[in-house]
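Biologist: Please take a close look at one part of this model, the packing of its helices. Give me the contacts, the angles and a few residues in detail.

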Amino acid sequence: MAKKSFIIFLVMLVLSLLQAIDIYMPSMPAMRVYFDVPPRLIQMTITVAMIGFGISQLFYGPLSDYKGR
C-alpha cells in the first residue's frame with residue numbers, strides 16, 4: 001500500500017509542474033506589464049523553474065528507486 005501511494009505522489013508531482021506551466025504561460029504578458037520588467041526576465045522564470053525541476057530529479061530519482069524497489 002505504501003508503494004502505491006508513493007507512486008501516486010510522484011505522478012501528481014510531475015503533473016502539477018506541467019499544469020503550472022500551462023496556467024503560467026498565458027499570464028506572462030500581463031505579469032510583464034504589472035511588474036514593468038523586460039520580457040526576458042519573465043521568460044527566465046520558466047527557465048529557472050525547469051532547472052529546479054531538473055536538479056530535483058537528482059534527489060527524487062534515487063529516492064523513488066530506493067522506495068520503489
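Modeller: What follows starts with the whole chain and then moves to the helix contacts.

This is a predicted model, in which local features need pLDDT of at least 70, side-chain atom pairs count only at pLDDT 80 or more, and totals for chains, interfaces and linings use all residues. Residues are numbered from 1 along each chain as its sequence is written, and side-chain values use heavy atoms, with hydrogens and water left out.

The protein chain has three helices and zero strands. Helices (H or I, at least four residues) and strands (E, at least two) are DSSP runs, numbered from the N terminus. The order from the N terminus is α-α-α. The radius of gyration is 16 Å, well over the 11 Å that the globule rule gives for 69 residues, so the chain is more spread out than a compact globule. That radius is taken over C-alpha atoms, and the rule is 2.2 Å times the number of residues to the power 0.38. The C-alpha trace spans about 50 × 20 × 10 Å along its principal axes. Buried residues make up 12% of the 69 residues. Buried means under 20% relative accessible area, exposed over 50%, and partly exposed in between (1.4 Å probe, protein chains only).

Take H1 and H3 to begin with. The axes of helix H1 (residues 2-24) and H3 come within 12 Å and cross at roughly 170°. Axes are lines fitted to C-alpha atoms, for helices over the stretch in contact, and angles run from 0 to 180 degrees between N-to-C directions. H1 and H3 are therefore roughly antiparallel. Angles under 35 degrees count as roughly parallel, over 145 as roughly antiparallel, 65 to 115 as roughly perpendicular, and the rest as oblique.

On the H1 side, the contact uses Lys3, Phe6, Leu10, Leu13, Val14, Leu17, Ile21 and Tyr24. On the H3 side, it uses Ile42, Thr45, Ile46, Met50, Phe53, Tyr60, Leu63, Ser64, Lys67 and Gly68. Contact means heavy atoms within 4.5 Å. By class, the H1 and H3 contact has 13 nonpolar, three polar and two charged residues. Ala, Val, Leu, Ile, Met, Phe, Trp, Tyr, Cys and Pro count as nonpolar, Asp, Glu, Lys and Arg as charged, and the others, Gly among them, as polar.

Lysine 67 lies in H3. Leaving aside neighbours within four places in sequence, lysine 67 is in contact with Lys3 and Phe6. Lysine 67 is partly exposed, with a relative accessible area of 46%. Its C-alpha atom is 25 Å from that of methionine 50, 17 residues apart along the chain.

Now H2. Helix H2 (residues 28-35) packs on helix H3 (residues 39-68) at an angle of about 125°, with axes 9 Å apart. The two are therefore oblique. Met28, Met31 and Arg32 of H2 meet Pro39, Ile42, Gln43 and Ile46 of H3. That contact has five nonpolar, one polar and one charged residues.

Arginine 32 sits in H2. Not counting residues up to four places away in sequence, arginine 32 touches Val37, Pro38, Pro39 and Ile42. Arginine 32 counts as partly exposed, at 35% relative accessibility. Arginine 32 and glutamine 43 are eleven residues apart in sequence and 9.5 Å apart, C-alpha to C-alpha.

Last, the loop between H2 and H3 holds aspartate 36. Aspartate 36 has a positive phi of about 55° although it is not a glycine. At 69% relative accessibility, aspartate 36 counts as exposed.
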